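User: Please examine the structure below and answer some questions on its strands, its interior space and one of its loops.

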Amino acid sequence: ANPYGASLPWPKREGHRRPSRSPGAHVLMRDGDPVIYVERGGRGILRLADLGAEALGDAVGALAEAVSDGVLAKLAIEKIDGEPIIGSGHEETLVAAGATRGPRKLTLAG
């Protein structure tokens, strides 16, 4: 179970929106710290930590593995940190981590 938003506060990132505790949302953890929040439905992700290109790629690779293993359903990512993923500058990192490019989204599918 995810303790963030209930017993633990969400990490604060200057200038970024904060996630909400909602059914169907997921939190990717690394070494006990939250790094990526996957919004319900998988259309948006929020970085909960400062992630450079390599760390973001590793995190998305872990999400791709979870989708491939059937732990998560297909993710059709349209937004990152509330902004469109296409044109964000993060597209190549996500594609290298296993996402496929669509006209308005990047998809992780099993």
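The following exchange concerns a predicted model.

User: Which residues stand on each side of strand E3, and are they buried or exposed?

Analyst: In a regular strand the side chains alternate between the two faces of the sheet. In strand E3 (residues 44-47), Gly44 and Leu46 lie on one side, with Ile45 and Arg47 on the other. Both faces are covered, and these four residues are all buried.

User: In which sense does E2 pair with E3, and over how many bridges?

Analyst: Within this pairing, Val38 stands opposite Ile45 of E3. The hairpin of E2 and E3 has five residues between the strands, and there Gly41 adopts a positive phi near 90°. Strand E2 (residues 33-38) pairs with E3 in the antiparallel sense, over three bridges.

User: What is the bridge partner of Gly44 in E5?

Analyst: E3 is also joined to strand E5 (residues 79-80) by two bridges, and these strands run parallel. In E5, Gly44 has as its bridge partner Lys79.

User: Which strands stand at the edges of the sheet E4-E8-E7, and why is one side of each left without a neighbour?

Analyst: This open sheet has three strands in the order E4-E8-E7, with antiparallel pairing. Each edge strand has a single partner strand, so one of its sides has no neighbour in the sheet. The edge strands are E4 (75-77) and E7 (100-101).

User: What angle does the direction of helix H1 make with that of E8?

Analyst: E4 and strand E8 (residues 106-108) are joined by three bridges and run antiparallel, with Ala76 having Thr107 as its partner in E8. Helix H1 (residues 53-68) packs on the sheet and touches both E4 and E8. The direction of H1 makes with that of E8 an angle of about 50°.

User: Is Gly98 buried, partly exposed or exposed?

Analyst: Gly98 is found in the loop between helix H2 (91-96) and E7. Beyond residues up to four places away in sequence, Gly98 touches Thr107 and Leu108. Its relative accessible area is 45%, and buried requires under 20% while exposed requires over 50%. Gly98 is therefore partly exposed.

User: What is the volume of the largest cavity, and how many charged residues are in its lining?

Analyst: The count comes to one cavity of 30 Å³ or more. The lining of the largest cavity includes Pro11, Arg13, His16 and Leu48; by class it has three nonpolar residues, one polar residue and four charged residues. The volume is about 40 Å³, and the number of charged lining residues is four.

Key:
Residues numbered from 1 in each chain as written. Predicted model: local features only at pLDDT ≥ 70, side-chain atom pairs only at ≥ 80, totals over all residues. Heavy atoms only, no water. 1 Å grid on protein atoms, 1.4 Å probe; cavity = no way out; pocket = protein on both sides within 12 Å on 5 of 7 lines; lining within 4 Å. Points joined across faces, edges and corners; volume = space filled by probe spheres on them. Nonpolar A, V, L, I, M, F, W, Y, C, P; charged D, E, K, R; others polar. Buried < 20%, exposed > 50% of the residue type's maximum accessible area, 1.4 Å probe, protein only. Pairing = 2+ DSSP bridges. Contact = heavy atoms within 4.5 Å. Axes fitted to C-alpha atoms, helices over the stretch in contact; angles between N-to-C directions.
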